[in-house]
Amino acid sequence: QVQAVESGGGLVQPGGSLRLSCATSGRTLSDAAMAWFRQAPAKEREFVAAIRWNGGRTLYADSVEDRFIISRDNAKNTIWLQMNSLKPEDTGVYYCAAARYGRQVDVKSEYNYWGQGTQVTVSS
């Protein structure tokens with residue numbers, strides 16, 4: 001059993017920043033790519049960012065490129081999502097996910113472990 005717990009969500013004004021954290025447990029995920037997805041009300045869960053198993057390569061959705069940064073520390077079993085220049089359209093529940101393999105991908109079906117999500121609301 002692998003568990004992932006997100007934290008760090010909240011309410012911020014447009015242009016503000018938040019840093020999300022995802023703490024994992026159960027088994028080592030040092031060999032697995034990890035990612036962040038988000039889901040707005042009445043919308044499908046969409047890809048945000050992914051990071052290779054060793055943290056050496058990242059992938060971002062076009063909508064967050066140059067604004068968000070994904071990082072990980074395998075020794076701490078933790079990944080982060082630094083979100084800058086937040087926009088109202090960034091609002092949603094953000095989920096941490098672990099893949100079956102080590103290569104970063106943007107396909108939801110490649111991720112088989114999911115956290116419970118943390119709410120991010122961007123509003124003035």
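A salt bridge is taken here as a side-chain nitrogen of Lys or Arg within 4 Å of a carboxyl oxygen of Asp or Glu. In this predicted model, the count under that rule comes to three. A convenient place to start is the pair formed by Arg-67 and Asp-90, whose closest N and O atoms are 2.8 Å apart. The two residues come from distant parts of the chain: Arg-67 sits in the loop between strand E6 (58-60) and strand E7 (68-73), while Asp-90 belongs to the loop between E8 and E9, 23 residues apart. Both Arg-67 and Asp-90 are buried.

Asp-90 also has a second partner. With Arg-38 it forms another salt bridge, and here the closest N and O atoms lie 2.9 Å apart. Because Asp-90 is in the loop between strand E8 (78-83) and strand E9 (92-99) and Arg-38 is in strand E4 (residues 34-39), this pair ties together parts that are 52 residues apart in sequence. The relative accessible area of Asp-90 is 0%, so this residue counts as buried. Arg-38 is likewise classed as buried, because its relative accessibility is 5%, a value under the 20% cut-off.

From Arg-38 the trail leads on to Glu-46. These two residues form a salt bridge in which the closest N and O atoms are 2.7 Å apart. Glu-46 has a relative accessibility of 37% and therefore counts as partly exposed.

Taken together, the pairs can be followed from one residue to the next. Asp-90 bridges to Arg-67, and shared partners join Arg-38, Glu-46, Arg-67 and Asp-90 into one network of salt bridges.

Technical notes:
Residues are numbered from 1 along each chain as its sequence is written. This is a predicted model: local features need pLDDT of at least 70, side-chain atom pairs count only at pLDDT 80 or more; totals for chains, interfaces and linings use all residues. Side-chain values use heavy atoms; hydrogens and water are left out. Buried means under 20% relative accessible area, exposed over 50%, partly exposed in between (1.4 Å probe, protein chains only). Helices (H or I, at least four residues) and strands (E, at least two) are DSSP runs, numbered from the N terminus.
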